[in-house]
Amino acid sequence: CDVSFLLLTFFVLTATARQPETLTVDTAPSYSQAKLPDGNTAIITVGDEGKVFFQMSDPNVRVQTLQQMSALYGVDFTPEEYAKFKSLDDFGVSIKTMKALLAADASDRTAEKQKGIPVDSTMNVSNELFSWVKQARIASAKILKDKALADNKNPDDIELLTIAIKADADEKFPSLNLIIETLRNQKQNKFSFVTGLKAGE
């Protein structure tokens, strides 16, 4: 009995609570039971009539990606803002309004107050989702290669960033097509769709 309570106390104290998603969507059902990997993933969430949010699972990739976006778009961030972004699970704002989002309280970072990441069918800076995905892939590859070299492993054996699309079941096809075209424009032809599990007959 004592051992059981000690183990229970250990797991409760060391567990990290999963943060609720800012933009919640009702995904389409499917019979697939395949799961996304636990780490090194990036999820593009689409809902609320085309509003786009982006999520990176690795906090270090988040910081490195924001540093690269800062250089690309000419928006400077303070060390405190990088620390806040590191703990930010997902976001749906343009890079120009990112500083305002980081300055806001957690209760003010609701989906209603975030307009979504700008996305279109181009590869220009106007398609910020294109830049976020590209810079996240570069940051992830750099971090994993450095870690592999530090551990005396072959850097060519690293698993690349897994990209997934999580869309509302009622979302219109044009919104999803923009996301797919954004990925295809950077030759990211392999990605996953996040779905809900349909109950068997």
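Tutor: A residue is called exposed when its relative accessible area is over 50%, and buried when that area is under 20%. Keep both cut-offs in hand. The model here is a predicted one.

Student: What makes Lys187 exposed or buried?

Tutor: Lys187 has a relative accessible area of 71%. The cut-off for exposed is over 50%, so Lys187 is exposed.

Student: Where is Lys187, and what is its phi?

Tutor: Lys187 sits in the loop between helix 6 (173-184) and strand 6 (192-193). Its phi is positive, about 60°, although Lys187 is not a glycine.

Student: Why remark on that sign?

Tutor: Most residues other than glycine have a negative phi. Asp48 is another non-glycine with a positive phi, about 55°. Asp48 lies in the loop between strand 2 (41-47) and strand 3.

Student: Why is Asp48 called partly exposed?

Tutor: Its relative accessible area is 47%. Partly exposed runs between the 20% and 50% cut-offs, so Asp48 belongs there.

Student: How do you know that Asp48 and Lys51 form a salt bridge?

Tutor: Their side chains meet at 3.2 Å, N to O. The limit is 4 Å between a Lys or Arg nitrogen and an Asp or Glu carboxyl oxygen. Therefore the pair qualifies.

Student: What is Lys51, buried or exposed?

Tutor: Lys51 has 12% relative accessibility, so it counts as buried. The limit for that word is under 20%.

Student: How many salt bridges are there in the whole structure?

Tutor: A search finds seven. One of them joins Arg62 and Asp89, at 3.4 Å from N to O.

Student: What does the pair of Arg62 and Asp89 tie together?

Tutor: Arg62 lies in helix 2, and Asp89 lies in the loop between helix 3 and strand 4 (90-91). The pair therefore ties together parts that are 27 residues apart in sequence. Arg62 is at 6% relative accessibility, so it counts as buried. Asp89 has 25%, so it is partly exposed.

Student: What makes Asp146 and Lys142 a salt bridge?

Tutor: Their closest N and O atoms are 3.3 Å apart. That value is within 4 Å, so the pair meets the definition. Both residues lie in helix 5, four residues apart, about one turn of the helix.

Student: Why does that spacing suit a pair in a helix?

Tutor: An α-helix has 3.6 residues a turn, so residues three or four places apart point the same way.

Student: How do you know that the length of helix 2 agrees with what is expected?

Tutor: Helix 2 (residues 59-73) has 15 residues. At 1.5 Å a residue, they should span 21 Å. The end C-alpha atoms are 21 Å apart, so the values agree.

Student: What caps the N-terminal end of helix 2?

Tutor: Asp58 does. One of its side-chain oxygens lies 2.9 Å from the backbone nitrogen of Asn60. After helix 2 comes Gly74, with a positive phi near 70°.

Student: Which parts do the buried residues of helix 2 pack against?

Tutor: They pack against strand 3 (51-56), helix 3 (79-86) and helix 5 (128-150). The buried residues include Val61, Leu66, Met69 and Tyr73.

Student: Which residues make the nonpolar surface patch?

Tutor: Phe5, Leu8, Val12 and Leu13 make it, with an area of about 460 Å². Leu13 lies in helix 1 (residues 2-14).

Student: Why is Leu13 called exposed?

Tutor: Leu13 is at 68% relative accessibility. Exposed means over 50%, so Leu13 counts as exposed.

Conventions
Residues are numbered from 1 along each chain as its sequence is written. This is a predicted model: local features need pLDDT of at least 70, side-chain atom pairs count only at pLDDT 80 or more; totals for chains, interfaces and linings use all residues. Side-chain values use heavy atoms; hydrogens and water are left out. Patches are made of residues with over 30% relative accessible area and no salt bridge: like charges are joined within 9 Å, nonpolar side chains (Val, Leu, Ile, Met, Phe, Trp, Tyr) within 5 Å. Accessible areas come from the Shrake-Rupley method with a 1.4 Å probe; for residues, only the protein chains shown count as cover. Helices (H or I, at least four residues) and strands (E, at least two) are DSSP runs, numbered from the N terminus. Buried means under 20% relative accessible area, exposed over 50%, partly exposed in between (1.4 Å probe, protein chains only). The expected span of a helix is 1.5 Å times one less than its number of residues. Contact means heavy atoms within 4.5 Å. A polar contact is a pair of N or O atoms within 3.5 Å; within protein, one must be able to donate a hydrogen and the other to accept it, and residues adjacent in sequence count only if both atoms are side-chain atoms.
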